Amino acid sequence: MTNGTATPTDLGTRLEAHRTELTGYCYRMLGSSFEAEDAVQDTMIRAWRSYDKFEGRSSLRSWLYRIATNVCLDMLTAGNKRARPMDLTESTPLAQAALTPRPDNTWLEPMPDARVLPTTDDPAEAAIAKESVRLAFMAALQQLPAKQRAVLILREVLAWKASEVAELLDTSVASVNSALQRARATLAERKEPGADATVSDPLDEDQQKLLDRYVAAFEGYDMSALTALLHEDAVMTMPPFDLWLTGVGDITGFMTTLGAPCAGSRLVPVQVNGLPGFAQYKPDPEKGGFSPWAVQVLEISDGRITGFHCFLDTQRWFPLFGLPLHLEAETDQVEQGA
């Protein structure tokens, strides 16, 4: 079928076939779940409106990536870099802990795997895709200038040839290679917290046992059991608050003081940013049952939990993950809908 004979239904189907991978690309570029989906929707609309000008000199996929790249570069002209709390402030001792929120557009946002990771039968390809949306890598990408970011993603994550990237960006192969070299050098200089997280796909037996123990410890609010699972230098973050804590003592101390209302919570597994995670529901004293509190993302290394990241804006995150905004008291678990 040529573009000249494509019906609206045909074209819509062909465009939709690329939505997940384009969302993954835009998410890596922008660091925001919702901005990524907006960018892809803008890309689809632009493609639909200008399809009669698409001459087929490149593949439809390459053409869509060109449009998506331009959309993302336009969105990034404001210079906003999404961040994690540890990118903005020093770690705060528990004794000085204060919950100070920052605007939504400050933060690197979580993303359900299903929205950004296309299905593949190649385990190596799947592993690279998951690694490329992990929080530490996403945070590192945010440190790159926009065009270097695009080059690194296209070359290193999506395995495009330098000549293909040069054509997409209307530049030379030498310029692409130079941008990739500078991007690699920048990332090599940075040691992102969580960069050592190692999670197999699927989880191996030891990792699954660790998560099972974590669920039991958290739902039981057993700080001794939780201490045994946390790395001594574990980090805890809670966007939209810029507070972050490091070390077992401060993390468990926070959970038993400011975080005490989370006792008795229920955890529902989610697949988020290529890592194991949970939707946390805490007891609702007014309505009964459980109300959403956080999407937790866990980083694991050498059999311990090294990162414990809680995204608290539940009115945004739970619908994104297809999760209900209430659990009945007798419901311990629900199926993830996204």
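## Helices, strand 3 and enclosed spaces in a predicted model

Arg184 is partly exposed, with a relative accessibility of 43%, and its place is in helix 11. The model is a predicted one, and what follows takes up helix 11 and helix 9, then the largest pocket and the largest cavity, and finally Val272 and some backbone features. Arg184 offers a starting point, since apart from residues up to four places away in sequence it touches Leu152 and Glu156, and both of these numbers fall in the stretch 146-157 that makes up helix 9.

**Helix 11 and its surroundings**

- The C-alpha atoms of Arg184 and Leu144 are separated by 9.6 Å, although the two residues stand 40 places apart along the chain.
- Helix 11 has 17 residues, which at 1.5 Å a residue should span 24 Å, and the distance of 25 Å between its end C-alpha atoms agrees with that expectation.
- The buried residues of this helix are Val176, Ala179, Leu180, Ala183 and Leu187; seen down the helix axis they fall within an arc of 100 degrees, so they line one face of helix 11.
- An α-helix has 3.6 residues a turn, so residues three or four places apart point the same way.
- On the face turned away from the buried side, helix 11 carries the exposed residues Ala174, Gln181, Ala188 and Glu189.
- Helix 8, helix 9 and helix 10 are among the elements that cover the buried residues of helix 11.

**Helix 9 and what covers it**

- For the twelve residues of helix 9 (residues 146-157), a rise of 1.5 Å a residue gives an expected span of 16 Å, and the end C-alpha atoms are indeed 16 Å apart, which agrees.
- Buried residues in helix 9 are Gln148, Arg149, Ala150, Val151, Leu152, Ile153, Leu154 and Val157, and one of these, Leu152, is also touched by Arg184.
- The cover over the buried residues of helix 9 includes helix 2 (19-30), helix 4 (60-75), helix 7 (123-131), helix 8 (135-141), helix 10 (162-169) and helix 11 (173-189).
- After helix 9 comes Ala159, a residue whose phi is positive, near 60 degrees.

**The largest pocket**

- The largest pocket has a volume of about 360 Å³, and of the 16 residues that line it, Arg61, Pro118, Glu125, Ala129 and Leu158 lie nearest its centre.
- At least two lining residues come from each of helix 2, helix 4 and helix 7, and helix 7 supplies the largest share, with four residues.
- Sorted by class, the lining of the largest pocket consists of ten nonpolar, two polar and four charged residues.

**The largest cavity**

- One cavity of 30 Å³ or more is present in the structure, and the largest cavity holds about 40 Å³ of space.
- The residues lining the largest cavity are Ala83, Arg84, Pro85, Leu108, Leu135, Thr237, Pro239, His309 and Phe311, which divide into six nonpolar, two polar and one charged.
- Pro239, which belongs to this lining, is joined to Pro240 by a cis peptide bond with omega near 20 degrees.
- Pro240 itself lies in the loop between strand 1 (230-238) and strand 2 (241-246).

**Val272 in strand 3**

- Val272 has its place in strand 3 (residues 266-272) and counts as buried, its relative accessibility being 0%.
- Leaving aside residues up to four places away in sequence, Val272 touches Pro110, Met111, Asp113, Gly277, Gln296, Val297 and Phe321.
- With one of these contacts, Asp113, the C-alpha separation is 5.2 Å, while the two residues are 159 residues apart along the chain.

**Positive phi in loops**

- Asp170, found in the loop between helix 10 and helix 11, has a positive phi of about 55 degrees although it is not a glycine.
- With a relative accessible area of 63%, Asp170 is exposed.
- Tyr221, in the loop between helix 12 (205-219) and helix 13 (223-229), likewise has a positive phi, near 50 degrees, in a residue other than glycine.
- Tyr221 counts as buried, because its relative accessibility is 16% and the cut-off for buried is under 20%.

Definitions and conventions:
Residues are numbered from 1 along each chain as its sequence is written. This is a predicted model: local features need pLDDT of at least 70, side-chain atom pairs count only at pLDDT 80 or more; totals for chains, interfaces and linings use all residues. Side-chain values use heavy atoms; hydrogens and water are left out. The expected span of a helix is 1.5 Å times one less than its number of residues. Buried means under 20% relative accessible area, exposed over 50%, partly exposed in between (1.4 Å probe, protein chains only). Contact means heavy atoms within 4.5 Å. On a 1 Å grid over the protein atoms alone, a cavity is a set of points where a 1.4 Å probe fits but cannot get out, and a pocket is an open set with protein on both sides within 12 Å along at least five of seven lines; lining residues have an atom within 4 Å of a point. Grid points are joined across faces, edges and corners, and a volume is the space filled by probe spheres set on the points. Ala, Val, Leu, Ile, Met, Phe, Trp, Tyr, Cys and Pro count as nonpolar, Asp, Glu, Lys and Arg as charged, and the others, Gly among them, as polar. The arc is that of the directions from the helix axis to the C-beta atoms.
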